[in-house]
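Let's take a walk through this protein, one neighbourhood at a time. Keep the 3D view open and find each residue as it comes up.

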Amino acid sequence: MNHADLVFTGGPVFTADAARTRATALAVTGERITAVGHQEVRELIGPGTEVVDLKGRLLVPGFQDSHIHAVYGGTELAECDLTETVGVTDYLDRVRAFADAHPDRPWITGSGWSLESFEGGLPTRQLLDSVVADRPVYLVNRDHHGAWANTRALELAGLTRDSPDPADGRIEREPDGTPSGVLQEGATALVARLVPPTTAADRLAGLLRAQQLLHSLGITGWQDALLGVFNGQPDPSDAYLAAARAGSLTARVTGALWWDRGRGAEQIPELVAKRAELTYGRFRAGSVKIMQDGIAENFTAAMTTPYLDGCGCATANSGLSFVDPKLLGGYVSALDALDFQVHFHALGDRAVREALDAVEAALAANGQRGNRHHLAHLQVVHPEDLGRFARLGAIANIQPLWAAHEPQMDELTIPFLGPERAGWQYPFGHLLRTGATLAAGSDWPVSSPDPLAGIHVAVNRAEPGATDGRVFLPEQRLDLGTALAAYTAGSAHVNGTDQAGSLRPGLLADLVVLDRDLFAHPADRIADARVERTYVGGRLVHQAG
């Protein structure tokens with residue numbers, strides 16, 4: 001008998017496999033699972049077998065994130081961090097402290113401020129000037145669709161009351177037209193292009209920093225949602241390729257190549273060349289990211305009907321479609337014919353419809369090629385489009401952590417959508433019931449990369465620790481098994497890692513040991529769980545201290 005290298009006993013084991021959803025033991029030989037079952041698996045234990053007694057803790061497939069920006073997130077961990085607070089005084093104290101601690105930095109950069117902290121979501125340049133006036137300051141907000149700059153940064157960029165808005169963004173202004181300090185969407189590049197770029201060494205360090213964090217959260221693979229130059233940010237591709245070649249990339253990573261929305265089909269040969277160049281070891285770049293719209297909070301998400309103003313009246317603004325929808329179907333058809341997966345950013349209901357129309361055009365042109373096109377974010381989905389996901393084979397790539405009552409939702413979104421459209425938000429339950437395949441991700445560093453926090457919100461439709469009893473659109477809740485499957489089998493499917501994502505003999509041993517059985521505890525305690533061990537291909541890559 002061939003003995004296993006590693007055996008887990010004393011279950012429970014959640015397999016994310018429809019044929020056997022639960023087990024109590026699992027064996028690993030080399031990098032693959034060799035048995036899943038119960039007491040009979042113990043027969044594979046030999047003198048050299050490592051035995052892990054789960055003692056009632058839950059073993060699950062390795063989590064995968066279907067939409068994340070790992071290099072950006074890891075790099076930002078070394079900058080001025082404004083996360084984990086919403087206090088304006090806290091922000092300013094942190095900026096001042098960071099500037100004082102880094103007197104030689106020509107620019108003060110960072111991220112993580114929240115729109116809800118400021119009236120209308122708009123901080124001012126004068127606030128930053130009060131703590132750092134002699135050096136430029138450039139701080140990306142939590143959702144990474146806008147930035148806050150001080151006066152010095154705006155001056156260096158040459159922005160004045162006469163500066164026009166770019167086609168894909170907006171400069172927020174004071175009453176006389178002077179830039180106020182907030183830049184939305186593509187306007188962020190007007191200042192970001194001046195920020196000293198990160199070096200290749202910075203990006204590699206950021207990736208490895210991110211990988212360590214993600215493994216500690218049970219994440220064994222992901223899809224990086226933006227490989228390319230974007231709004232002045234350098235291309236993170238080199239970090240992945242360097243890590244893959246050095247053998248330090250322990251995660252399984254799919255990269256989504258950035259579709260330059262200022263260009264057209266002429267860029268496709270370049271994407272083909274990049275796909276070939278950026279495929280090595282555990283890294284491959286077979287996806288193309290098309291950002292079709294912005295976000296609801298700054299009124300750039302593309303809607304089928306106009307946003308409302310503060311009085312509840314319709315405005316003239318229905319958001320932005322960054323890629324001409326008349327051309328989008330042709331682009332997607334061409335990419336599909338070349339067996340690229342298309343990864344859409346589609347947040348408003350018009351953008352969702354435009355993306356689905358493009359997938360439909362590709363199917364009409366090429367037939368079903370199995371390229372697993374997916375739409376990420378899906379904040380507002382028109383009811384008429386819910387059933388199209390299943391019919392077209394388009395995967396619903398959800399970011400569950402956002403589907404809860406919190407100030408940004410309650411103060412900066414719902415009033416400007418109106419009650420009917422606000423009820424169409426994050427329709428996870430409806431998508432599941434109409435047959436859509438669900439994959440899940442975080443969009444980190446926009447929000448926490450912790451899958452357990454995301455699963456908590458998907459199941460409860462309330463933030464971890466919420467005590468007010470409010471449930472955000474309760475009919476859209478998912479059951480725990482479905483939410484777990486979206487973060488494992490669903491994301492592995494969309495990421496193209498078919499040999500992982502569920503626990504079956506012959507598949508890769510990407511595994512996570514949690515500190516408790518989630519199914520044996522109340523749903524409102526899911527986020528309390530912690531990862532104790534993470535394995536990639538049978539190799540231990542994280543163990544809690």
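## A tucked-away tyrosine

Tyr426 counts as buried, because its relative accessibility is 3% and the cut-off for buried is under 20%. Keep in mind that you are looking at a predicted model.

Where does Tyr426 sit along the chain? Look in the loop between helix H14 (419-422) and helix H15 (428-433). Its backbone has a quirk too: phi is positive, about 45°, although Tyr426 is not a glycine.

## Other backbone oddities

Ala16 is another non-glycine residue with a positive phi, near 55°. You'll find Ala16 in the loop between S2 and strand S3 (22-23).

Now for two cis peptide bonds. One runs from Gly11 to Pro12, with omega near 10°, and Pro12 belongs to the loop between S1 and strand S2 (13-14). Another runs from Trp444 to Pro445, with omega near 15°. Pro445 is in the loop between strand S21 (438-440) and helix H16 (451-460).

## A strand covered on both faces

In a regular strand, side chains take turns pointing to one face of the sheet and then the other. With that in mind, look at strand S1 (residues 6-9): Leu6 and Phe8 are on one side, Val7 and Thr9 are on the other, and all four are buried. Both faces of S1 are covered, in other words.

Which strands does S1 pair with? With strand S6 (residues 50-53) the pairing is parallel, over four bridges, and Thr9 has Asp53 as its bridge partner there. With strand S4 (residues 25-29) the pairing is antiparallel, over three bridges, and Leu6 stands opposite Val28.

## A six-stranded sheet

Strands in a sheet are paired by hydrogen bonds between their backbones, in parallel or antiparallel fashion. One open sheet here has six strands with mixed pairing, in the order S9-S10-S11-S12-S14-S13. Its edges are strand S9 (80-81) and strand S13 (169-173), each of which pairs on one side only.

Strand S12 (residues 146-149) and strand S14 (residues 179-185) run antiparallel and are joined by three bridges. Trp148 has Val182 in S14 as its bridge partner. Helix H2 (residues 88-101) packs on this sheet, where it touches S9, strand S10 (108-113), strand S11 (137-141) and S12. The direction of H2 makes about 155° with that of S10.

## Nonpolar cores

How many residues make up the largest nonpolar core? It has 91, and the members that touch the most others are Phe63, Trp222, Tyr240, Ile290, Phe344, Leu375 and Phe389. Helix H10 (residues 349-366) supplies the largest share of this core, seven residues. Apart from it lies another core, made of 18 residues, including Leu82, Val132, Val137 and Leu139.

Zoom in on Ile290 to see what being a core member looks like. Setting aside neighbours within four places in sequence, Ile290 is in contact with Trp259, Val323, Leu328, Val332, Leu335, Val342, His343, Phe344 and His345.

## Rings meeting rings

Across the whole structure there are 12 aromatic pairs. Take Trp113 and Phe118: their ring centres are 5.8 Å apart and their planes meet at 80°, so this pair is edge-to-face. Trp113 and Phe118 are both buried. The rings of Phe230 and Trp258 are edge-to-face as well, because their planes are at 65°, with centres 4.8 Å apart.

That second pair links distant parts of the chain, since its residues are 28 residues apart. Phe230 is in the loop between strand S15 (219-227) and helix H7 (237-246), while Trp258 is in strand S16 (residues 252-258). Phe230 and Trp258 are both buried. Finally, Tyr91, Trp113, Phe118 and Trp148 form one aromatic cluster.

## Arginines over rings

Which rings have an arginine over the face? One is Tyr280, with Arg245 at 5.8 Å from the ring centre. Another is Phe428, where Arg461 lies over the face at 5.0 Å from the ring centre.

Note on methods:
Residues numbered from 1 in each chain as written. Predicted model: local features only at pLDDT ≥ 70, side-chain atom pairs only at ≥ 80, totals over all residues. Heavy atoms only, no water. Core = buried A, V, L, I, M, F, W, Y, C linked by side-chain atoms within 4.5 Å. Buried < 20%, exposed > 50% of the residue type's maximum accessible area, 1.4 Å probe, protein only. Helix = DSSP H or I, 4+ residues; strand = E, 2+ residues; numbered from the N terminus. Contact = heavy atoms within 4.5 Å. Phe/Tyr/Trp six-rings, centres within 6.5 Å; stacked < 30°, edge-to-face > 60°. Lys NZ or Arg CZ within 6 Å of the ring centre and 35° of its normal. Pairing = 2+ DSSP bridges. Axes fitted to C-alpha atoms, helices over the stretch in contact; angles between N-to-C directions.
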